[in-house]
Amino acid sequence: MIDLAALGISHDADDMLQSATLRPLKTGAEACPFADDQWRLVYKLFPLFRSGGLGKTFEIEPSEEGEGYEMSTQDATLLQTLEKLMVLHDAGACPTEIVGLDYMFDYLVVKQPLASAYHDFEADRQTAVSTIQAVPCKARFKRQTWILWEHETAWIMSDLHYGNIMRDAQGQPTIIDALLAPLPPELIKGSRLLTEHVEDARALRLGLPLAGRKVFDAVSDDDL
């Protein structure tokens with residue numbers, strides 16, 4: 001259990017988070033971050049909503065038109081958010097430590113090393129994606145997605161926008177956050193392209209050779 005006051009974080013008269021010792025950073029869709037410039041750390045507070053949601057995830061299902069897939073963002077549970085943080089950490093994204101829950105059960109507190117801004121967004125994002133051994137997903141989604149293999153599971157990742165790609169203390173591009181969800185097995189089985197992406201992501205994670213495919217094999221039902 002975490003005492004927010006011991007971290008120097010409190011609420012103002014409008015019940016908004018504030019700190020006299022930590023530097024507030026831009027609030028994201030999931031968490032309220034505060035930087036500790038002395039120790040070069042960032043504390044992220046994920047609020048627990050009355051609905052029981054904490055953080056964000058998404059669901060994937062085939063499009064009603066029969067072409068591609070729909071992705072709907074929704075509130076995650078505490079367990080889903082904890083799993084996302086652990087998967088990204090273990091895959092090689094920005095190191096993340098789960099600190100705990102505050103005494104009032106209002107926030108999940110995690111911390112990461114303080115990162116700096118990206119240099120070239122597209123180049124840095126590509127490097128950061130390569131670091132976690134994710135592969136670009138070419139199936140028809142309405143947003144850019146990647147697939148990685150971690151914890152013996154295929155995960156689909158999105159939301160690698162400008163705020164989620166930064167550089168670590170060594171100057172290396174890194175992912176500080178992303179939307180992440182397990183890729184449903186039934187979708188994998190129903191799509192040749194998704195199956196190939198998962199095979200490639202698994203091979204990269206396990207250090208296995210990638211499957212050799214003929215040029216015409218790159219076209220699948222998802223592309224027609």
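These legends accompany close-up views of a predicted model.

Local features are taken at pLDDT of at least 70 and side-chain atom pairs only at pLDDT 80 or more, while totals for chains, interfaces and linings use all residues. Residues are numbered from 1 along each chain as its sequence is written, and side-chain values use heavy atoms, with hydrogens and water left out.

**View 1. Strand β5 and its burial.** Strands here, like helices, are DSSP runs numbered from the N terminus (strands: E, at least two residues; helices: H or I, at least four). Seven of the seven residues of β5 are buried, so the strand is largely enclosed by the rest of the structure. Buried means under 20% relative accessible area, exposed means over 50%, and partly exposed lies in between (1.4 Å probe, protein chains only). Leu-41, Tyr-43, Leu-45 and Pro-47 point one way from β5. Val-42, Lys-44 and Phe-46 point the other way. Both sets are buried.

**View 2. The partners of β5.** Two strands count as paired if DSSP finds at least two bridges between them. β4 runs antiparallel to β5, joined by five bridges. In this pair, Pro-33 stands opposite Lys-44. The two strands form a hairpin with four residues between them. In the turn, Arg-40 has a positive phi of about 55°. β5 also pairs with β9, again in the antiparallel sense, over seven bridges. There, Pro-47 of β5 faces Tyr-107 of β9.

**View 3. The Arg-23 to Asp-37 salt bridge.** The structure holds ten salt bridges. Each is a side-chain nitrogen of Lys or Arg within 4 Å of a carboxyl oxygen of Asp or Glu. In one of them, the side chains of Arg-23 and Asp-37 meet at 2.7 Å, N to O. Arg-23 lies in strand β3 (residues 23-24) and Asp-37 in the loop between β4 (32-36) and β5 (41-47), so the contact ties together parts that are 14 residues apart in sequence. Arg-23 is partly exposed at 38% relative accessibility. Asp-37 is partly exposed too, with a relative accessible area of 38%.

**View 4. A salt bridge between β8 and β9.** Lys-111 pairs with Glu-97, the closest N and O atoms being 3.7 Å apart. Lys-111 lies in strand β9 and Glu-97 in strand β8, so this salt bridge ties together parts 14 residues apart in sequence. Lys-111 is partly exposed at 21% relative accessibility. Glu-97 is also partly exposed, at 44%.

**View 5. Surroundings of Glu-150.** The side chains of Glu-150 and Arg-205 form a salt bridge (3.4 Å, N to O). This pair links distant parts of the chain, 55 residues apart: Glu-150 in strand β12 (residues 146-150) and Arg-205 in helix α4 (residues 192-206). Glu-150 is buried, with a relative accessible area of 12%. Leaving aside residues up to four places away in sequence, Glu-150 touches Val-87, Asp-90, Ala-91, Trp-155 and Arg-205. Touching means heavy atoms within 4.5 Å.

**View 6. The four-stranded open sheet.** The strand order is β11-β12-β13-β16, with antiparallel pairing. β11 (135-136) and β16 (179-182) stand at the edges, each with a single partner strand, so one side of each is left without a neighbour in the sheet. Inside the sheet, five bridges join β12 to strand β13 (residues 153-158). Trp-149 stands opposite Ala-154 in β13.

**View 7. Ala-181 in edge strand β16.** Ala-181 lies in β16. The residue is buried, at 2% relative accessibility. Its contacts, not counting residues up to four places away in sequence, are Thr-57, Phe-58, Ala-154, Trp-155 and Ile-156. Ala-181 and Glu-59 are 122 residues apart in sequence, but their C-alpha atoms are 7.5 Å apart in space.

**View 8. Cys-32 and Cys-94.** The structure holds zero disulfides, a disulfide being a pair of cysteine sulfur atoms within 2.5 Å. For Cys-32, the nearest cysteine sulfur is that of Cys-94, 18 Å away. That is too far for a bond. Cys-94 is buried, with a relative accessible area of 4%.
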